[in-house]
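Trainee: I have a structure open and would like to learn how to read it feature by feature. Could you walk me through it?

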Amino acid sequence: MASSTPPYKPPPMKSLTIENITDNVHAINGGCENARLRFLFERLAVHLHDFARETRLSTEEWAAAIKFLTETGQICSDTRQEFILLSDIFGLSLLVDSIDHPKPPGSTDGTVLGPFHVAEAEHMNLGTHISQDTEGEPLLVVCSVKDSVGRPLAGTSVDVWETDSRGFYDVQRADRDGFDGRAVLKTDEEGIFHFKAIVPVPYPIPDDGPVGKLLKVLKRHPYRPGHMHFKFERAGYDPLITALYLRGDPYETSDAVFGVKDSLIVDLYKVSQFEGCAEQYGVSGDTKLLKYDFVLVTETETHGLRDKNAMKAADSLGMDLQLEDGKLVRK
């Protein structure tokens, strides 16, 4: 039989009103022993309640919101994450990444992971062709990975993925046989990695579910500009999740998930523009070429900048806050 004695005895509730409900929720939640979790739920209650008060939210509207969130969860699967899409289209995914992984000047900016990364992608040798799509326009990718002072980072893990020429990721195809358009590589002794792929194309995010319906209501398109994803991991360095976007894409300035940053927009060249490149990499001179120099930062650099930014934000809020294990909490 469950105990009738509550584990935490909060102060008595006041007579509940629109004005004091938030303070009462704080009091009831005040027994949480995890200082960070307690602070998160305190601020969540403040902003949720303020939203309801400011908009004079109706019961009908709140019921519709709950129905929408329920349907969002119901459509999720092992290969589809509708909640990530929802976070993406509100710009929240990019915001959280920018807060948690701040980049000092000169380092490569991060962007959204997106819902189609696969942790089990195949490890391949440098120079491999990651795409089996014969309809795609051939692309040679040659990039470097260095630290913040320009030293090459040999042996860095590079996870890459892109769509096929029709704008579909492999995991979206019901008839797929293994992975395609993705691979995990290692940089060579000079911090270089290279592989063959296809030129990225613009594509719509899945818009046959709740998120797609929401975009239609908001009169927004579901398209992303052509891009290629990159995820870098190396011991002692802050993981970098980023993507490169093609300059001049029709959706460059209206990405449905707010992923484009100026520093990540690139031009494509022809291999023939670089002497000896075709012979070195075994491709024709007409092949398109993507070149980029990625710069990673150490965990120490990231943690220091994140802490500095957090305390600056705390000061602007005028709250009595401190850092605990790198997270803001109440003193």
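Mentor: Happily, and keep in mind that this is a predicted model. Let's begin with packing: in soluble globular proteins, nonpolar side chains tend to be buried together. Here the largest nonpolar core has 30 residues, and Phe193, Phe195, Phe230, Phe232 and Phe294 have the most contacts inside it.

Trainee: Which elements give two or more residues to this core?

Mentor: They are β1 (138–146), β2, β3, β4 (192–198), β7 (227–233), β8 (240–246) and β11 (288–295). The largest share, 5 residues, comes from β8.

Trainee: What does phenylalanine 232 touch?

Mentor: Leaving aside residues up to four places away in sequence, phenylalanine 232 touches Val145, Thr156, Ser157, Val158, Phe193, Pro239, Leu240, Thr242, Phe294 and Leu296. Apart from this core lies another, of 12 residues, which includes Leu86, Ile205, Leu215 and Val257.

Trainee: Let's turn to a polar residue. Where is threonine 108 found, and is it buried or exposed?

Mentor: Threonine 108 is in the loop between α5 (92–100) and β1. Its relative accessibility is 4%, so it counts as buried, the cut-off being under 20%. A polar atom of its side chain lies 2.8 Å from the backbone nitrogen of valine 295. Among the residues that threonine 108 touches are Leu240, Thr242, Phe294 and Val295.

Trainee: Now helices. Which residues of α2 are buried?

Mentor: The general idea comes first: an α-helix has 3.6 residues a turn, so residues three or four places apart point the same way. In α2, Ala35, Phe39, Glu42, Ala45, Val46 and His49 are buried. They cover an arc of only 125° around the axis, so they sit on the same side of α2. Their cover includes α1 (21–29), β12 (321–324) and β13.

Trainee: How far apart are the end C-alpha atoms of α2?

Mentor: They are 30 Å apart, which agrees with the 30 Å that its 21 residues should span at 1.5 Å a residue. Look at both ends too. At the start of α2, a side-chain oxygen of asparagine 34 comes within 3.0 Å of the backbone nitrogen of arginine 36. After α2 comes arginine 56, with a positive phi near 55°.

Trainee: Glu42 is a charged residue on that buried list. Which residues does glutamate 42 form salt bridges with?

Mentor: Side chains of opposite charge can pair when their charged atoms come close. Glutamate 42, buried at a relative accessible area of 15%, forms a salt bridge with arginine 43, the closest N and O atoms being 3.3 Å apart. Glutamate 42 also meets arginine 330 in a salt bridge, at 2.6 Å from N to O. That pair links distant parts of the chain, with glutamate 42 in helix α2 (residues 35–55) and arginine 330 in strand β13 (residues 327–330), 288 residues apart. Arginine 330 is partly exposed, at 33% relative accessible area.

Trainee: How many salt bridges are there in the whole structure?

Mentor: A search finds 18. In one of them, arginine 182 pairs with aspartate 170, their closest N and O atoms being 2.8 Å apart. Arginine 182 lies in strand β3 (residues 182–186) and aspartate 170 in the loop between β2 (157–161) and β3, so the pair ties together parts 12 residues apart in sequence. Both arginine 182 and aspartate 170 are buried. Salt bridges with shared partners also join Asp164, Arg166, Arg173 and Asp180 into one network.

Conventions:
Residues numbered from 1 in each chain as written. Predicted model: local features only at pLDDT ≥ 70, side-chain atom pairs only at ≥ 80, totals over all residues. Heavy atoms only, no water. Salt bridge = Lys/Arg side-chain N within 4 Å of Asp/Glu carboxyl O. Buried < 20%, exposed > 50% of the residue type's maximum accessible area, 1.4 Å probe, protein only. Helix = DSSP H or I, 4+ residues; strand = E, 2+ residues; numbered from the N terminus. Expected span 1.5 Å × (residues − 1). Arc of directions from axis to C-beta. Contact = heavy atoms within 4.5 Å. Polar contact = N/O pair within 3.5 Å; in protein donor to acceptor, adjacent residues only side chain to side chain. Core = buried A, V, L, I, M, F, W, Y, C linked by side-chain atoms within 4.5 Å.
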